Amino acid sequence: MSEYLRTPIEYLKGVGANRADLLKTELGIHTFGDLLSYYPFRYVDKSNFQTVREINPDSAAVQIKGKIQSVRTVGQKRGTRLVAKFSDETGVIDLVWFKSIKWIKSNLKLGAEYVVYGKPNLYGSSFNIVHPEVELLEEFNKSVIGELEPVYHTTEKASNSWLTSKGIAKLTKSLIEKLGNAGAETLSVEIISNLRLIDKNTAVKNIHYPQNKELLQKATMRLKFEELFFVQLGYLRMKIHHQRTIKGYNFENISQYFTSFYNQYLPFELTNAQKRVVKEIRADIGSGRHMNRLLQGDVGSGKTIVALLIMLIALDNDFQACIMAPTEILANQHFEGLSDLLKDMDVELALLTGSTKTAARRVLHENLESGKLNILIGTHALLEDKVKFNNLGLVVIDEQHRFGVAQRSKLWQKNKFPPHILVMTATPIPRTLAMTFYGDLDVSVIDELPPGRKPIKTIHKYDSNRLAIWGTVHQEIEKGRQVYIVYPLIKESEKMDYIDLMDGYESVCRDFPNQQISIVHGQMKAKDKDFEMQRFVRGETQIMVATTVIEVGVNVPNASVMIVESAERFGLSQLHQLRGRVGRGAEQSYCILATSYKLSADGKTRMETMVKTNDGFEIAEVDLKLRGPGNLVGTQQSGMLDLKIADIVRDGQILQLARNTANVLLDEDPNLKSPQNLPILNEFNKTQKGKINWGRIS
Ligand code: ADP
Ligand code: MG
């Protein structure tokens, strides 16, 4: 039957050559099937009206009957807008347009009765609706089809040829009437009955023309599920394919390196979460398959020690390992930390960064190629062509969000066989997003902090409260603790930010004349940065004034205060990262977010969220809602979010259900060979055509 759905759109009654053209170019509708899956974005409830007087600051979208009293254009150039006074018996509001002004102005009829729909905003002391939907009451009444009427997105150009929302509704109606029960089912009988979904035909009919609200809800659920199910099926198939075809080194030996470290030199007991994660990874690298795993864990959850243990397993199997960090400071810190942990063991470690001298480099290259070196720690410098391993078995990538996919695959190419890959990130990606973007990766989560940590107290203060802020600084320094003061520097070249930082530095020096103060920023030479950083790490300076260069990873357990200046200019995940620099010791730590009084609604939400919770996953969920998914993962990947009906921010539960269902299905029938899964196979083959798998790493 899918034949029928492939019929070109011009064969539909009411669609001539001109409209077919517009449907294709303006709305992307080429076939009957495309039109069927051109879902409404909302429904008009014909029976439900509000009055102007009923509007209040919390009103969601309203539907009001009334008349247009006047129309005028105000403002100039980019500020030009069209303002219409719209009134019913109870009051007047403004309708405002910033776009398509000419077109709308020439179409609005003064004095005629209209139905207006949109979300009211409080503007000064009265309300307005920006870009409302407007329709003559006469038309509104004419087209009553059911209780709920579909509203479709359209464009100005399409509307001009009668492809308004109403026009599109007519087309979907006639198509659905012709369709009968002929639409192809895409899920198996088993899944439909297990999950109590409605069948595809009923769903498609009711998504366009809901018989009632209950059926609309069921239709929405069915179609969202189906959409997410096929995305997940694609990922899981890829993962299985990866596991089958890409062989990995089998790290079957657990011997000297691992056990002697674990039994003699491990400085603390692992948390249960760390133990579980080590076990998961061990199973993976000892299976003969190739590991491609994301290790998520909030800041301070102890990912480094997990990485070390896994590297020691690589050594136990006669392989080399490397760890790559996004900044030189971090690489240094890893090198020092790991050297210290391994100081009584026979392990050769080396550090390679942009600052490594040529002579040292030469030695390092030799030892790496001969296999004398066991573990290499570094920055992007590891990716240089000259860096050749003898037998690299494991790559650990720390703070993954700084590396692009291309860079990862470059590391990959170094070997005859791919080394196991462990990507660590403290940017807690919400689970839903991880499933969408890294759907073909295995994910391990450290969801527990080492014991004895006190939750950080987070306080939001306005700049004018400077005395109180400095009070906390004095108090903590008196106790022998250290303090970070961070200024925004979004791009290292932004001059104003630099001036702010320097002004800030000077005033800190003035206000704390008895303290030693470090400063670190992006325009300093790596060598100087490192020198200052080290002074702070050693406790020689009490205050570190810095830009976000200290954002990731740096570990100074004695630091107990993090002050973020102009905190409103930081994103949530960045604020959370910065806060993670303190609270690493047993004492109480503080994070003070200093902002100006002028806060946007988003800015306020960010501050409130930070004050309310220390949980990185909760913060990531809010971040996702505020910024949208594309920004969290990188814009080039947002094409993946081309979902027609599901919304990964809101439909996390359905996504989880879809993934579980796909998992079970592939377990039972990996190649979708069984006759009852034929509908799934057919649909799957269709959805996979022309897809680019951005989430893929290998
Ligand atoms: P992150 O996950 O942010 O990279 P780190 O690996 O830097 O965290 O660990 C943060 C701090 O916690 C380090 O000082 C580390 O030594 C310490 N740590 C890690 N695991 C434990 C544990 N199980 N018990 C006590 N301290 C731990
Ligand atoms: Mg770390």
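Ligand 1 is surrounded by 16 residues, and the closest of them are Q274, G300, K303, T304 and R453. The model is predicted, and the points below take up the ligand shell and then an open sheet of six strands with parallel pairing.

**Ligand 1 and its surroundings**

- G300 approaches the ligand through its backbone, with an N or O atom lying 2.7 Å from an oxygen atom of ligand 1.
- K303 places a polar side-chain atom 2.7 Å from an oxygen atom of ligand 1, and a polar side-chain atom of R453 likewise lies 2.7 Å from a ligand oxygen atom.
- Ligand 1 taken alone exposes 570 Å², of which the protein buries 81%.
- The shell around ligand 1 is made up of four nonpolar, seven polar and five charged residues.

**The six-stranded sheet**

- The strands of the open sheet follow the order β17-β22-β21-β18-β20-β19.
- Because β17 (457-462) and β19 (517-520) stand at the edges and each has a single partner strand, one side of each is left without a neighbour in the sheet.
- From one strand to the next, the twist averages 20 degrees.
- β17 runs parallel to β22 (residues 590-595) and is joined to that strand by six bridges, with T458 standing opposite C591 in β22.

**Helices packed on the sheet**

- Helix α20 (residues 526-537) packs on the sheet and touches β18 (482-486), β19, β20 (543-546) and β21 (559-564), while its direction makes about 145 degrees with that of β19.
- Helix α21 (residues 572-579) also packs on the sheet, touching β17, β18, β21 and β22, and its direction makes about 155 degrees with that of β21.

Note on methods:
Residues numbered from 1 in each chain as written. Chains lettered and ligands numbered in written order. Predicted model: local features only at pLDDT ≥ 70, side-chain atom pairs only at ≥ 80, totals over all residues. Heavy atoms only, no water. Near = heavy atom within 4 Å. Polar contact = N/O pair within 3.5 Å; in protein donor to acceptor, adjacent residues only side chain to side chain. Areas by Shrake-Rupley, 256 points an atom, 1.4 Å probe, with all protein chains shown as cover. Nonpolar A, V, L, I, M, F, W, Y, C, P; charged D, E, K, R; others polar. Pairing = 2+ DSSP bridges. Helix = DSSP H or I, 4+ residues; strand = E, 2+ residues; numbered from the N terminus. Axes fitted to C-alpha atoms, helices over the stretch in contact; angles between N-to-C directions. Contact = heavy atoms within 4.5 Å.
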